Amino acid sequence: MGVPETQRSGPMSLTKSILAALMLFGAPALLPAAQRPEQAGAAAAEGVAHAVPAEHGIPQKALGLGKKEVFITNSMLVTWIVASVLILFARMATRQMREVPAGAQNFWEWLVESLYEFLEGIIGPDLVKKTFWFFATIFIFILFTNWFGLIPGVGTIGWGVQGAHGFVVTRPLLRGGNADLNMTAAMAMLFFFFWTVWAVQANGVKGFFLHLFGPKGESTGALKLLLIVIFFLVGFLEVFSILFRPVSLSFRLYGNIYAGENMLEAMSDLVPGLGWLLPVPFYFMELLVGLVQALVFMLLTAVFTMLICMHEEGHEKAHHQD
């Protein structure tokens, strides 16, 4: 079993690898970190923590590392850890390539080839050669970031206060990377940027706008004028739909992962003394949710790209048949 031809080493492959690495490390920094809380509010919250038990559930926003708010947040640290481990593992698995793969190389080639064949069946062989590096990176990164958030200690180790019911962690050292809206929104905006680049490359600037606002089908006379007006108005609806895609992509992934982590914490606090046992069945469910959400994000971005890039190819094939 070998690596697909498009994935073998070369200048273009090296460029795509660099872009993928920059995407992994740079995505968390594209959007600002959690807003700095007011000092009075922080002091009041700390006083409340001393007086009453802390609320169940993780905070909606990521918190800065340490006792004070800083730019680097706990979710950003998790994304850097996952990205570093993935890059090091990929380098280790492909350091000494063998004709008959084994061990890490065998797993990595199986993962890459499976994703390549899966995407090729959806978006076609031509488009997958250009975009596979992005979709594979997104899937692998989201999957292992989701699973990393299930490791014991994530969200339960950090800085806190001594409350009436024991030590309460108020600023965890680690937080699930995709349980931070900043992270999911950054990945969605990166996709929107590459989607625009691929759309212009496939259609040209004129063809891109014709795809959005141009009339579909053949007609003449007054009907043609009517269709021009109708499809021009429909184009504006399509533009709003396209602009809303990053929002839906980011909130879908964030909402599912954030809700899952809150559910695990609620189950661990439901029955005193059984906090180690009750969440166990739900951990298996969250493993499946992490896989499904990674697949959903990858498939939606791939289909969105196919819809804009395969338009002209359909016309070219029809033209050749004529």
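Q: In this predicted model, what is the handedness of the crossing of α3 and α4?
A: The crossing of α3 and α4 is left-handed.

Q: What makes α3 roughly perpendicular to α4?
A: Helix α3 (residues 74-93) packs against helix α4 (residues 103-123) at about 110°, with the axes 8 Å apart. Angles of 65 to 115 degrees count as roughly perpendicular, so α3 gets that label against α4.

Q: Which residues of α3 and α4 meet, and how do they divide by class?
A: On the α3 side you'll find Phe89, Ala90, Met92 and Ala93, and they meet Ala104, Gln105, Phe107 and Trp108 of α4. By class that's 7 nonpolar, 1 polar and no charged.

Q: Why is α5 called roughly antiparallel to α8?
A: The axes of α5 (residues 125-148) and α8 (residues 280-309) cross at roughly 160° and come within 9 Å. Anything over 145 degrees counts as roughly antiparallel, so the name fits this pair. The contact of α5 with α8 has 16 nonpolar and 6 polar residues, with no charged ones, and the crossing is right-handed.

Q: How many cavities of 30 Å³ or more turn up, and how much space lies in the largest?
A: Searching the whole structure gives 3 of them, and the largest holds about 60 Å³.

Q: What lines the largest cavity?
A: Its lining is Asn146, Gly149, Leu150, Ile257, Glu261, Glu286 and Gly290. Helices α7 (221-268) and α8 are the elements giving two or more residues.

Q: Which classes does the lining of the largest cavity have?
A: There are 2 nonpolar, 3 polar and 2 charged residues; Gly counts as polar here.

Methods. Residues numbered from 1 in each chain as written. Predicted model: local features only at pLDDT ≥ 70, side-chain atom pairs only at ≥ 80, totals over all residues. Heavy atoms only, no water. Axes fitted to C-alpha atoms, helices over the stretch in contact; angles between N-to-C directions. Helix = DSSP H or I, 4+ residues; strand = E, 2+ residues; numbered from the N terminus. Parallel < 35°, antiparallel > 145°, perpendicular 65-115°, else oblique. Left-handed = near helix turned anticlockwise from the far one by under 90°. 1 Å grid on protein atoms, 1.4 Å probe; cavity = no way out; pocket = protein on both sides within 12 Å on 5 of 7 lines; lining within 4 Å. Points joined across faces, edges and corners; volume = space filled by probe spheres on them. Contact = heavy atoms within 4.5 Å.
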